[in-house]
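Okay, everyone, thanks for coming. Let me put the structure up and walk you through the sheets and then the pockets.

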Amino acid sequence: MQPIIRRIPVLIVAALLGLVAGVHSGFAQPGKGGIERLYVLYCGDIALNDMGRFSPGYSGPGALSDTCYLIKHGQGWLLWDSGLGDAVASMPEGQKSNAGVWRVWRTLSSQLAEIGVKPSDIKYLALSHSHGDHVGNVKLFPQSTLLVQKAEYDWPDPSGAPRFPSELPAIKAEGDHDVFGDGSVVLIATPGHSPGHQCLLVKLPKTGAILLTGDAVHTKANWDNKRTPVQNFNHAQSLAALDRMAAVLKEHNAALWIGHEPSEVAQRKYAPAYYE
Ligand SMILES: [Zn+2]
C-alpha cells in the first residue's frame, strides 16, 4: 500500500476535479432539498384530420401524444403542462373539433392520486403555453402558482379575454427563469409557436439533463428537418427557438423529450414509475 503522504497530492487533485465538475454541471444533490424525481404522465391522445398543419410536407390524418411531467423537488412539486383536460375522459366519442378528436383514457387526477399527490400539493403549475391541449386541467390547481412567460400571460385570446385565470397567483417570467434557484429546473424562453412559449430544462441527479419541448417542436421528424407548423404565431421566432434548443442541448448535454411525439410513448416509463 502507498504511504498516505504520497497519495495526498492525488487526493487533492481528485477533490478539486470533483469540485470543478460539481460547480460546472450545477446538478443538485438528491435528498438535500434539491430535485429528486420526474414522473411522466399520460395527458391524452390527439387524432388529427390533417397532419400537414403540424408537419409541413405531410398530408392526411395523423396522431400526436399529449404528455405532462411532474417534478418532485425538495422545495415543492412542479407540474409541467396539464393536458387535454380530465373532462374529456367522460365524453364517449372524445372532444371533436374541426382539427380532429381529443381523447383521454386516463385522467390526470387519477394518476396523481396513484402516486399519493393531491392537486393542492402542486406548488408550481408551469405551462409551456396557453393552447387547449396544455391548459385543460388548470382549474384542478387553484392553490398553485402559475409559471408562465409574461408575453403569454398578456396575450389575449381571440375573444379578447385573458388566457389564464386571473385569480391564480402567477410568476410571469420575462425570459429564462431558474425556478428553484439551483439550476435543476429552468424555464427556457422559446417564443414562436405562441408569443410566450417556453421549454423546460430539468437536471436529474441520476438520469441527467432533459429538455422538455412543449410545442416548440411537435415531432421527431420536424426536429430532424427543422420544420415548424404553418399556423405558428411567428415563423422566424419558431426557427430561432429550434436553434436555441439545440444550443441548450449541447451546453447541458441534455436529452430532447418531445411530448407530442407518439413514438416516444413506448420509450418512456410512465407514472407510478419515475426517473431520478
Ligand atoms: Zn400542444
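**Two sheets, two pockets**

So, one of the sheets here is an open one of 5 strands, with mixed pairing, and the order is β9-β10-β11-β12-β13. At its edges you'll find β9 (177–178) and β13 (255–257), each of which pairs on one side only. Keep in mind that this is a predicted model. Look at β12, residues 208–212: 3 bridges tie β12 to β13, and those two run parallel. If you want a pair to click on, take Leu212, whose bridge partner in β13 is Trp257.

Now over to the other sheet. This one has 8 strands, again open and mixed, and reads β4-β5-β1-β2-β3-β6-β7-β8. Its edge strands are β4 (95–96) and β8 (170–173), each pairing on one side only. Inside that order, β2 (residues 62–73) and β3 (residues 76–80) run antiparallel, joined by 5 bridges. His73 has Gly76 in β3 as its bridge partner.

Right, pockets. What lies nearest the centre of the largest pocket? That would be Arg53, Phe54, Trp102, His131 and Asp133, out of 27 lining residues. The elements giving two or more residues to that lining are β1 (35–48), β4 and β5 (100–103). The space in there is about 500 Å³, and the lining splits into 10 nonpolar, 12 polar and 5 charged residues.

The second largest pocket holds about 150 Å³. Its lining includes Val135, Lys139, Arg163 and Phe164, and by class we get 5 nonpolar, 2 polar and 2 charged residues.

That's my tour, over to you.

Conventions:
Residues numbered from 1 in each chain as written. Predicted model: local features only at pLDDT ≥ 70, side-chain atom pairs only at ≥ 80, totals over all residues. Heavy atoms only, no water. Pairing = 2+ DSSP bridges. Helix = DSSP H or I, 4+ residues; strand = E, 2+ residues; numbered from the N terminus. 1 Å grid on protein atoms, 1.4 Å probe; cavity = no way out; pocket = protein on both sides within 12 Å on 5 of 7 lines; lining within 4 Å. Points joined across faces, edges and corners; volume = space filled by probe spheres on them. Nonpolar A, V, L, I, M, F, W, Y, C, P; charged D, E, K, R; others polar.
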